[in-house]
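Hi,

Here is the structure I promised to pass on. Have a look at it first, and then read on for what turned up.

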Amino acid sequence: MFNYLLHYFDTRRMLPRSLQSSPDLLPPSGDMYREYIRIAVPSVCEMVLISLISMIDTVMVSSIGTDAVAAVGLVGQPRMIMLSLFFALNTGITAVIARRKGENRRVEANATMRTSLMMIVILSALLMAVLMPLSRQLMRFAGAEEGRTLDTSTEYFLILGWALPFQALSMGLCAAQRGVGNTKLTMQVNIASNVVNVIFNYLLINGIGPFPQMGVRGAAIATAIGMFVGFCLSLRAMFHNHGDFLSLSRHDNWKPDIPSAKSLLQVGSSAMVEQLAMRIGFFAYARIVADLGTDAFAAHQICCQFLNLSFSFADGLGIAGTSLVGQMLGQKRRDLAHVYGTLAQRFSLAIGLGLAAICILLRDPLVGMFISGDETGAVRSMAVMAMVVLGLIQPVQMVSVVTAGALRGAGDVKYTARTMLITVTCIRPVLALLGVYICQSVLHRSDIALVAAWSATLVDISVRVTLMLLRYRSEKWHTIKV
């Protein structure tokens, strides 16, 4: 067993046959692991701590009641649709800047960053003008119930909408830093932002000291304050980075750089298709679950906290893979790009198996963290049942996210977009709708219907990881130009 593990994590055995003619050109395995870990550890810490803080946020909101948990959860997918433009642009920012880092083209990298910031400002203004007046209609369409969650979710959405420019700019600056492998800075910025969020949650949700008791509105204001702090910290770091590969100055040329914009759009346009496919699928899926009722949706939101935790591990490992794959391809080292991408996959599988065991074996006490003493047992029992399926999802999702990250780092976003369109937009909602309909119409069981909805997620991610791995092993992404 020990020898098998040594072979499994041996970097020379990660080379595909087409690149095995010169394995001696690889750096020592220890050096490659240290470089990957140097970038991955801050990213994993950042993403996991953010996810844990988000869980704490949900626990704090749950003190108000399950309606509050459901109201905050209903905002999630409409808000993610609003952010999908920026997620797509950030994919382009990270991929293009990572490639410029590998090519040692500092001037072009900084021009790319400045151009992306101007694009973010314009997009933020347009989105706020279009979507904020429609906030109530969006929440009703998302499944908010009149008299229970509609007013609360609408107010939460509006408050976060006013903070959109600060959040989007901070995300863009951090995406640029990840492209050059500066994940330590992004970790510090995002942890500080989320700690501020938790502190103001404590002060504003229940009203501590001179602060008023504001409930869900207080949670939204706390989140907005945290976003503003993150923006200030990320911007300050850029303006104090003189001499580093990436930096900003008021004396810079802030005119849009056309070649940089074309490179960003080349990657970002396909990433936009991917993001829209994902968000439409997630929205439809959440809407199907919301129709099961507020209690079922509250149980669903509790399980989503643990799903987000596994995604955070994968995202952190994937960020390191994205950065290194892009940089190595910029240096014309296809062999190193492939090895770093494979490293990320194998780390993610090991962590996913550990998380699966935790979710299944400790599902009851984990769910209990989100259920206050005066609640009925309906929410708890539904969440505990869904946690078993969630455990099975963990390793599959981890490998899927990391493999997609490596492909994006190479600029292979058209393939990831098509895959998301097939799986998230089509397979997941269709299977969820079918499973929920059968369980409610035939069995008349909302709890089994929730399990069926989560089983649809498992099928979706299983198909997705298969398609991503097939593409990765085809090596077609080795020759994509950005």
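Let's start with one residue: Tyr437 is exposed, because its relative accessible area is 56% and the cut-off for exposed is over 50%. Bear in mind throughout that this is a predicted model.

Where does Tyr437 sit? You'll find Tyr437 in helix α15. It also belongs to a nonpolar patch on the surface, along with Leu431, Leu434, Ile438, Val442, Val459 and Val463. That patch covers about 610 Å². Two helices, α15 (413–443) and α16 (446–474), each give at least two residues to the nonpolar patch. The largest share is from α15, with five residues.

Now for the inside. How many cavities of 30 Å³ or more are there? The count is five. I picked out the second largest cavity for you, which holds about 50 Å³ of space.

If you want to find the second largest cavity on screen, select the residues that line it: Ala70, Leu74, Gly143, Glu145, Thr149, Ala290, Gly293, Thr294 and Phe297. Helices α3 (66–103) and α11 (294–330) each put at least two residues into this lining. As for its character, the lining of the second largest cavity has four nonpolar residues, four polar ones and one charged. The charged one is Glu145.

So there are two places to look at when you open the file: the nonpolar patch with Tyr437 in it, and the second largest cavity, with Phe297 among its lining residues.

Cheers

Note on methods:
Residues numbered from 1 in each chain as written. Predicted model: local features only at pLDDT ≥ 70, side-chain atom pairs only at ≥ 80, totals over all residues. Heavy atoms only, no water. 1 Å grid on protein atoms, 1.4 Å probe; cavity = no way out; pocket = protein on both sides within 12 Å on 5 of 7 lines; lining within 4 Å. Points joined across faces, edges and corners; volume = space filled by probe spheres on them. Helix = DSSP H or I, 4+ residues; strand = E, 2+ residues; numbered from the N terminus. Patch = residues over 30% accessible without salt bridge, like charges linked within 9 Å, V, L, I, M, F, W, Y side chains within 5 Å. Areas by Shrake-Rupley, 256 points an atom, 1.4 Å probe, with all protein chains shown as cover. Salt bridge = Lys/Arg side-chain N within 4 Å of Asp/Glu carboxyl O. Buried < 20%, exposed > 50% of the residue type's maximum accessible area, 1.4 Å probe, protein only.
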